[in-house]
Amino acid sequence: MDGLELVSFEIISNVGMAKSLAIEAIRECRQGNYTVSKEKLEECNKFMIKAHHSHSELIQKEASGEKVEFSLILMHAEDQMLSAETTMVLANEIVDMYIDLKK
C-alpha cells in the first residue's frame with residue numbers, strides 16, 4: 001500500500017468513526033442522555049479533526065509542487081469526509097434542538 005492509499009484509508013477510518021458517533025449522539029439524546037450525547041459529539045469532532053489533518057497533508061503536498069495522483073480511493077475518502085461533516089453538523093443541531101425543547 002502506497003502513501004496515498006494509506007492516507008485515504010486513514011481519512012475513511014476517521015470519518016467513519018465520526019459519522020457513527022454523530023448518529024450515536026442523536027440516539028443518546030433521544031433517550032434523554034444529554035451529557036453522553038454531547039460527549040459523543042466532542043469525540044466525533046476529534047475524529048473529524050484527525051481526518052482533516054490527513055487531508056491537509058495531501059493538499060500541502062500538491063501545493064508545494066508534488067504531484068498527487070487521482071485515485072478512486074481518495075475520491076471515496078473525500079466523499080465520505082463531506083458526508084460525515086454534514087452528518088456531524090446536523091447531529092449538533094438536532095442535539096441542541098432536543099436540549100432546547102427540554103428546557
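The expected span of a helix is 1.5 Å multiplied by one less than the number of its residues. The exercises below apply this and related ideas to a predicted model.

**Exercise 1. Compare the span of α1 with its expected value, and then do likewise for α2 and α3.**

Step 1. For α1, which has 28 residues, the rule of 1.5 Å a residue gives 40 Å, and because the end C-alpha atoms are 41 Å apart, the two values agree.

Step 2. For α2, with its 30 residues, the distance from the first C-alpha to the last is 42 Å, which is close to the expected 44 Å.

Step 3. Helix α3 covers residues 72-102, and its 31 residues reach 45 Å from the first C-alpha to the last, close to the 45 Å expected.

**Exercise 2. Work out which residues of each helix are buried, and what covers them.**

Step 1. In α1 the buried residues are Leu4, Val7, Ser8, Ile11, Asn14, Val15, Ala18, Leu21, Ala22, Ala25, Ile26 and Cys29, and their cover includes α2 and α3.

Step 2. In α2 the buried residues include Leu41, Cys44, Phe47 and Met48, and also Ser37, Lys40 and His55; α1 and α3 are among the elements that cover the buried residues of this helix.

Step 3. In α3, Leu74, Met81, Met88, Val95 and Ile99 are among the buried residues, and the buried residues of α3 pack against α1 (3-30) and α2 (34-63).

**Exercise 3. Decide whether Ser37 and Phe70 are buried or exposed.**

Step 1. The cut-offs needed are under 20% relative accessible area for buried and over 50% for exposed.

Step 2. Ser37 lies in helix α2, and because its relative accessibility is 0%, Ser37 counts as buried. When residues up to four places away in sequence are set aside, Ser37 touches Ala25, Glu28, Cys29 and Val95.

Step 3. Phe70 is found in the loop between α2 and α3, and because its relative accessibility is 65%, Phe70 counts as exposed. Together with Leu72 and Met75, Phe70 makes a nonpolar surface patch of about 370 Å².

**Exercise 4. Describe what is found just after α1, after α2 and at the start of α3.**

Step 1. Just after α1 comes Gly32, which takes a positive phi of about 90 degrees.

Step 2. α2 is followed by Gly65, whose phi is likewise positive, near 105 degrees.

Step 3. At the start of α3, a side-chain oxygen of Ser71 comes to within 3.1 Å of the backbone nitrogen of Ile73.

Technical notes. Residues are numbered from 1 along each chain as its sequence is written. This is a predicted model: local features need pLDDT of at least 70, side-chain atom pairs count only at pLDDT 80 or more; totals for chains, interfaces and linings use all residues. Side-chain values use heavy atoms; hydrogens and water are left out. Helices (H or I, at least four residues) and strands (E, at least two) are DSSP runs, numbered from the N terminus. Buried means under 20% relative accessible area, exposed over 50%, partly exposed in between (1.4 Å probe, protein chains only). Contact means heavy atoms within 4.5 Å. A polar contact is a pair of N or O atoms within 3.5 Å; within protein, one must be able to donate a hydrogen and the other to accept it, and residues adjacent in sequence count only if both atoms are side-chain atoms. Patches are made of residues with over 30% relative accessible area and no salt bridge: like charges are joined within 9 Å, nonpolar side chains (Val, Leu, Ile, Met, Phe, Trp, Tyr) within 5 Å. Accessible areas come from the Shrake-Rupley method with a 1.4 Å probe; for residues, only the protein chains shown count as cover. A salt bridge is a side-chain nitrogen of Lys or Arg within 4 Å of a carboxyl oxygen of Asp or Glu.
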